[in-house]
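Please look over the sequence and the 3D structure shown here. The paragraphs after them go through some helices and their contacts.

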Amino acid sequence: MDPYIQYMYSYPHKTAYGPLTGISLKDYGGQLAGPGHGLYLHIPFCQTKCGYCDLFSVTGQSREGIDRYLDAVERQILQYAPALKPFQTRFSDLTIGGGTPLLLSEAQLERVFSMIFTHLPFEEGREIVIETAPAQTTTEKLNILKEVGVTRVSMGVQSFFDEELKTLKRQHLADCARRALALLMTFAFPCVNVDLIYGIPGQTVKTLLASVEEAVSFGVDEIFLYPLYIKHGARLERELVRGLYLDPEKALLQYREAAALLRAKGFRQDSMRRFVRAKGFRQDPMRRFVRIEASKGDPAVTHGEMDRMGRRAETRSFADCGFGTSLALGCGGRSYLGGLHFCTPYEVTRQGCLAQLRRFEETEDYLQIRHGILLSEEEIKRRYVIRHLLIRPGLPMEQYRAHFGTGATEDFPLLKDWVGEGYLVLDGQEGAAADGDTHEETFLALTDEGLALSDYLGPQLISPAIRGRMEAWEEKNRGGSGRTG
């Protein structure tokens, strides 16, 4: 069994999208009424393309080329703003991803925040999330992030070993990451997370654990562990043909050891990938992690799995994410408006990304939605299950029935099989109902073994119709083989 079939961070995958006609953002503005929506800006520029990267990004763009893209984004914003005004839209968070957002110059970065916050409405206490890379993390740019109130900075380190970084075709070396992360931590952002990769050819359990230990030593708030995937169009795909070998069994062993280490260090595991420094732990001056005794009734430690000493560990609070709405700006990001998901056509290769970039910059009417998918009731159910099941505390059974009028295990009998196989367990805890009232909720939650196999279990919930569309895209665009995500 290969435990690494596909990374199910959303559903359906963009390869299932297709042409749409006769749809305008104005028709779906009601989905963005009032507060509580996400805004995403995609910055599709990098200094170099990582070997495993299958994201929408291009390299070699001049400052003038980036300015041309930002001009197009500003035109898009100026069309979106009046279309949303009748619905009194207010965004609760802004995420800027890429690509490498901090590749932008200081002036360009300031322009991005200015044109967004000048023309689009946000709630008080808005969250601002941005991605960075070690080579682009500078004091000047971090000062800008601090001034605008960024609440989370995510840095792609991937490894603290130069040979592993070279295998991944990362631009930076380990010392660059160390300097950048040390600088980043001096700015005291509310949350800093680091990404690491396992399953790298030549990597060992020892080197992975050393990278994890080093990331922890900086005092970061969250660590994400990603298995190495190589998809069609990624630079490393060619090396698969020349003998580069991915060993899923070895990668799974590395994951288990790294996850166990992080839990021992006081990190709460929310999903296969995400590890969060638990509130019940702090770092002492010797960089050792010690448990803080919680005060009576502390909600951070009132529920969770028993640790080895019989104390309850912190558990992630439930957040309903099955119907979240998000609007994307730029080329390459996707929007979620109820049953309508849309974005520019999915591309990985440089030629394809550049073609879509030019089309975006030449667009006259950004309100017209030309590429995406309209989800049926069945697909909305699948999305709800996938989005909740793969992150703790899990799938809320009562809320599922309240939303859809049926039971989750009735609609998806496979879930019963996974309970029998030890991948899922029913777990009762206090939760928030759809009407906002607090009540005792039963969650269908992944066990530790189930979490480890998330990329094997999740893809089994893809519908035949969506799978057919994904396979048709792969057949049309396939140029090699390798694990995909």
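**Helices and their packing**

In helix H8, the buried residues (under 20% relative accessible area, with a 1.4 Å probe and protein chains only) are Pro 248, Ala 251, Leu 252, Gln 254, Tyr 255, Ala 258, Ala 259, Leu 261 and Leu 262. This is a predicted model, in which local features need pLDDT of at least 70, side-chain atom pairs count only at pLDDT 80 or more, and totals for chains, interfaces and linings use all residues. Residues are numbered from 1 along each chain as its sequence is written, and side-chain values use heavy atoms, without hydrogens and water.

Helices (H or I, at least four residues) and strands (E, at least two) are DSSP runs numbered from the N terminus. The buried residues of H8 pack against several elements, including strand E8 (191–198), helix H6 (205–217) and helix H14 (448–452); contact means heavy atoms within 4.5 Å.

Helix H1 (residues 63–84) and helix H2 (residues 106–119) have axes, lines fitted to C-alpha atoms over the stretch in contact, that come within 10 Å and cross at roughly 5 degrees, on a scale from 0 to 180 degrees between N-to-C directions. H1 and H2 are therefore roughly parallel (under 35 degrees). Among the residues that meet are Ile 66 and Leu 70 in H1 and Val 112 and Met 115 in H2.

Helix H10 (residues 377–389) packs with helix H11 (residues 397–404) at an angle of about 165 degrees, their axes 12 Å apart. This pair is therefore roughly antiparallel (over 145 degrees). In this contact, residues of H10 including Ile 380 and Tyr 384 meet residues of H11 including Tyr 400 and Phe 404.

Key
Angles under 35 degrees count as roughly parallel, over 145 as roughly antiparallel, 65 to 115 as roughly perpendicular and the rest as oblique. Buried means under 20% relative accessible area, exposed over 50%, partly exposed in between (1.4 Å probe, protein chains only).
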